[in-house]
Amino acid sequence: MNYEIQDNAYWEDGIDDRSVVKCILMHNMPEGGRRKEVCTFSRLLPDRSLCPKYKEVVAKVGVEKIDVNTTERRKRKDMEKKTANIKREQAKKAEMLEKLFHMKLQAFEIPEIANSEDKKLRTKLRRSQNEVEMNAYAALIIGKELGVFDNDGED
Amino acid sequence: MTEKTKGYLVVASRTKFFYYSACNLIESIKDFNPEAKCCLVTEEHFLDDRGRSIADDIVYCDDHKRAKIWGMARSPYDLTFYIDADIECEHEDIATIFDRFDGNDMMWTGLPEDRHYCYAEVYFPGATKPDGSKGGFELCGGVCLYDMSNPLVRQFMHDWFDLTVEQYAGRWWPKKEDGTEDLENYPASFKRWDQFSLWWLTNREPKYADLKVGILEDDARWNFYHKYRVDLNHNKDAVVLRHYSSAKAKSEVYR
């Protein structure tokens, strides 16, 4: 045998009958150095005979150790997935906040908003939590400055 | 003895983005602290009616990349809270900042390890601690509370600007014993970064050995980068200042 079986073998994801094992073989190269090979072995070969490699890995690492590795790996993967989801959500939120910030700056470039003396509405616009709210306050300020609401109830 | 004057300082130079951001920042501070005195340091050609109406003091600067530090050194207030222009105020505690010196001359926000994911480079060999542990930048320059009535602080601000100008112009860099630039301990990638001149003055300049430099308590809330991960709970209390630092936006949105 010109390779070593690493002891971090685990049962393949989604299969709970210990029928497929995944492991790393470290080959000792003739010219020196080592080569890593990730392998997947099914218990049964197509002719229904026991796969000798599967047997070798299970014998070397042991069912109990492979069970422990599998549990630990699944926990780790779950955690990584959750963390990745959180990071993705946060990145999305950060992007949204940044976009909103820039939109607010642009809104304050509109002369009717920039020159409005309605402090209350300007503050509301600045504190808007999303685009819809921001657009609504921007429209209110512009409408007020243009006198759109002056004839309310008279028509 | 007259009471020390207090005020906020915002610098907006080089691009309209910073000018509009600065106006937004000042208005947001006044939303929560209507009595606040705010100084706007900006290039004369940017100034419009909006800026004139919201700023209590206006100082004209040029378009030097580090006009920020030039402006900081020229604050008209004794107790000054400098805030980067691309920040927005969102909490009434902004009015309490001048009570937060905690016995120091100068207060910053920090760069602890759990926030390093937001920063490109922090550690460098020249900052290695006496016990051999790695060291690097510890102060974040986004906000700074300082006492301009203290001559040492005033001198520090002027020296920081002067050293940064020399650094950016390629006329100053720490030297090795043979007189050549020490790029092994102080990477060349820091040459266009005022964080480095700040680090140098606060850590290697004997003149400022007695300067009391501190980090604000619950500092993240005083300079909360919008890319900070909320789940990591960097801040204990509500965010006061949110920092929208995005190089892409600065260069692309407003020129």
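**Exercise 1. Is Glu138(B) buried, partly exposed or exposed, and what is the relative accessible area of Glu138(B)?** Then place its salt-bridge partner in the same scheme.

*Solution.* Keep in mind that this is a predicted model. Step one is the cut-offs: buried is under 20% relative accessible area, exposed is over 50%, and partly exposed lies in between. Step two: Glu138(B) has a relative accessible area of 42%, so Glu138(B) is partly exposed. Step three: the side chain of Glu138(B) meets that of Lys129(B) in a salt bridge, 3.3 Å from N to O. Lys129(B) comes out at 34% relative accessibility, so Lys129(B) counts as partly exposed too.

**Exercise 2. Work through two more salt bridges, Arg34(A) with Glu4(A) and Glu3(B) with Lys6(B).**

*Solution.* Start with the general idea: side chains of opposite charge can pair when their charged atoms come close. For Arg34(A) and Glu4(A), the N to O distance is 2.8 Å. This pair ties together distant parts of the chain, since Arg34(A) belongs to strand S4 (residues 34-42) of chain A and Glu4(A) to strand S1 (residues 3-5) of chain A, 30 residues apart. Now the accessibilities: Arg34(A) has 44%, so it is partly exposed, and Glu4(A) has 40%, so Glu4(A) is partly exposed as well.

Next, chain B. The closest N and O atoms of Glu3(B) and Lys6(B) are 3.9 Å apart, and the cut-off for a salt bridge is 4 Å. Glu3(B) is exposed because its relative accessible area is 65%. Lys6(B), at 34%, is partly exposed. For the full tally, a search over all chains turns up 28 salt bridges.

**Exercise 3. Describe how chain B meets chain A.**

*Solution.* First, the area: the two chains bury about 2,100 Å² between them, with 55% of it on carbon and sulfur atoms. Second, the residues: chain B puts in 24 and chain A puts in 19. Third, the polar side: there are seven residue pairs in polar contact across the interface, both residues at pLDDT 80 or more. On chain B's side, helix H1 (residues 16-32) gives the most, with nine residues. Sorted by class, that side holds nine nonpolar, five polar and 10 charged residues.

Fourth, the charges: four salt bridges run between the chains. One of the pairs is Glu27(B) with Arg122(A), at 2.2 Å from N to O.

**Exercise 4. Check helix H4 of chain B (residues 151-168) for its span, then look at its ends and its buried residues.**

*Solution.* Take the span first. With 18 residues at 1.5 Å a residue, H4(B) should span 26 Å, and the end C-alpha atoms are 26 Å apart, so the two agree.

At the start of H4(B), a side-chain oxygen of Asn150(B) comes within 2.8 Å of the backbone nitrogen of Leu152(B). After H4(B) comes Gly170(B), which has a positive phi, near 80 degrees.

Now the buried residues. Among them are Val153(B), Phe156(B), Met157(B), Trp160(B), Phe161(B), Leu163(B), Thr164(B), Gln167(B) and Tyr168(B), and Asp159(B) is on the list too. To read that pattern, recall that an α-helix has 3.6 residues a turn, so residues three or four places apart point the same way. The cover over the buried residues of H4(B) includes helix H3 (67-72), strand S6 (106-110), strand S7 (139-147) and helix H5 (194-203) of chain B.

Methods:
Residues are numbered from 1 along each chain as its sequence is written. Chains are lettered from A and ligands numbered from 1 in the order in which they are written. This is a predicted model: local features need pLDDT of at least 70, side-chain atom pairs count only at pLDDT 80 or more; totals for chains, interfaces and linings use all residues. Side-chain values use heavy atoms; hydrogens and water are left out. Helices (H or I, at least four residues) and strands (E, at least two) are DSSP runs, numbered from the N terminus. The expected span of a helix is 1.5 Å times one less than its number of residues. Buried means under 20% relative accessible area, exposed over 50%, partly exposed in between (1.4 Å probe, protein chains only). Contact means heavy atoms within 4.5 Å. A polar contact is a pair of N or O atoms within 3.5 Å; within protein, one must be able to donate a hydrogen and the other to accept it, and residues adjacent in sequence count only if both atoms are side-chain atoms. Buried area is the accessible area (1.4 Å probe) that two parts lose on being put together, summed over both. Ala, Val, Leu, Ile, Met, Phe, Trp, Tyr, Cys and Pro count as nonpolar, Asp, Glu, Lys and Arg as charged, and the others, Gly among them, as polar.
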